[in-house]
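Please take a moment to look over the sequence and the model before reading on. The paragraphs below lead through the structure one region at a time.

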Amino acid sequence: MLCPKCDETMQTVTYAGIDVERCDGCNGLWFDMLEKEHLAAIEGSEAIDIGSAKTGKRFNEVDDIKCPHCRGSMLKMVDAQQPHIWYEACPSCYGVYFDAGEFRDYKEKTVMDFFRDLL
């Protein structure tokens, strides 16, 4: 599988028996349907996100990407609980792509996120 952002090879990474793909180039993460939710519920799973948030922010600007699984067009999505997190989702196979650092951020609800939710 090739990365939808930088076209480098993606390698399988396993955490708690769940396989996800991580890009060798930009360190973005590909989650098949529901893998993101399953891993988010497991303590310590953010360890699979080894990429730099700075690199992730740069690649977050890449638009019009194709799903690495089914080659369909992916949609930009925002996390409702943390609206500063933007990721890509495939409307056909339901896979999602997080740029480097986004899954770590997704798992960490900070005090600022708490106050954003209140407002």
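Does aspartate 64 count as buried or exposed? In this predicted model, aspartate 64 has a relative accessibility of 69% and therefore counts as exposed, since the cut-off for that word is over 50%. Its place is in the loop between α2 and β4, and its backbone has a positive phi of about 55°, although aspartate 64 is not a glycine. Most residues other than glycine have a negative phi. Aspartate 7 also has a positive phi, of about 65°, and is not a glycine either. Aspartate 7 is found in the segment before β1, a strand that covers residues 10-15, and with a relative accessible area of 56% aspartate 7 is exposed.

The loop that holds aspartate 64 also holds aspartate 63, which brings us to the charged pairs of the model. A search of the whole structure finds 7 salt bridges. In one of them, the side chain of aspartate 63 meets that of lysine 76, with 3.8 Å from N to O. This pair links distant parts of the chain, because lysine 76 belongs to strand β4 (residues 75-78) while aspartate 63 sits in the loop between α2 (53-60) and β4, 13 residues apart. Lysine 76 is partly exposed, with a relative accessible area of 32%.

The side chain of lysine 76 also meets that of glutamate 88 in a salt bridge, here with 3.1 Å from N to O. This pair, too, links distant parts of the chain: lysine 76 lies in strand β4 and glutamate 88 in strand β5 (residues 86-89), 12 residues apart. Glutamate 88 has a relative accessibility of 2% and counts as buried. Through salt bridges that share partners, Lys5, Asp63, Lys76, Glu88 and Asp99 are joined into one network. A further salt bridge is formed by the side chains of lysine 36 and glutamate 37, at 3.3 Å from N to O. Of these two, lysine 36 is buried, with a relative accessible area of 6%, whereas glutamate 37 counts as partly exposed at 38% relative accessibility.

We can now turn to helix α2 and ask which of its residues are buried. They are Gly56, Phe59 and Asn60. Seen down the axis of α2, these buried residues fall within an arc of 105°, so they line one face of the helix. What covers them includes β4, β5 and α3, the last of these being residues 102-107. On the face of α2 turned away from the buried side, the reader will find the exposed residues Lys54, Lys57 and Arg58. At the start of this helix, a side-chain oxygen of serine 52 reaches to within 3.1 Å of the backbone nitrogen of lysine 54.

Asparagine 60 deserves a separate look. This residue of helix α2 has a relative accessibility of 17%, and it counts as buried because that value is under 20%. Leaving aside neighbours within four places in sequence, asparagine 60 is in contact with Lys5, Lys76, Trp86, Glu88, Asp99 and Glu102. Among these contacts are Lys5, Lys76, Glu88 and Asp99, which also belong to the salt-bridge network described above.

Another residue to follow is tyrosine 15, which lies in strand β1. What does tyrosine 15 touch, not counting residues up to four places away in sequence? Its partners are Leu39, Ile42, Glu43, Gly44, Ser45 and Ile48. With one of these, glycine 44, there is a link to the backbone, where the side chain of tyrosine 15 reaches the backbone oxygen of glycine 44 at 3.3 Å. The C-alpha atoms of tyrosine 15 and glutamate 46 are separated by 9.5 Å, although the two residues are 31 residues apart along the chain. At 25% relative accessibility, tyrosine 15 counts as partly exposed.

Finally, the surface itself has a feature to look for. Met33, Leu34 and Tyr94 form a nonpolar patch there, and together they have about 340 Å² of accessible area. Methionine 33, one member of this patch, has its place in the loop between β3 (29-31) and α1 (35-40).

Key:
Residues are numbered from 1 along each chain as its sequence is written. This is a predicted model: local features need pLDDT of at least 70, side-chain atom pairs count only at pLDDT 80 or more; totals for chains, interfaces and linings use all residues. Side-chain values use heavy atoms; hydrogens and water are left out. A salt bridge is a side-chain nitrogen of Lys or Arg within 4 Å of a carboxyl oxygen of Asp or Glu. Buried means under 20% relative accessible area, exposed over 50%, partly exposed in between (1.4 Å probe, protein chains only). Helices (H or I, at least four residues) and strands (E, at least two) are DSSP runs, numbered from the N terminus. Patches are made of residues with over 30% relative accessible area and no salt bridge: like charges are joined within 9 Å, nonpolar side chains (Val, Leu, Ile, Met, Phe, Trp, Tyr) within 5 Å. Accessible areas come from the Shrake-Rupley method with a 1.4 Å probe; for residues, only the protein chains shown count as cover. The arc is that of the directions from the helix axis to the C-beta atoms. Contact means heavy atoms within 4.5 Å. A polar contact is a pair of N or O atoms within 3.5 Å; within protein, one must be able to donate a hydrogen and the other to accept it, and residues adjacent in sequence count only if both atoms are side-chain atoms.
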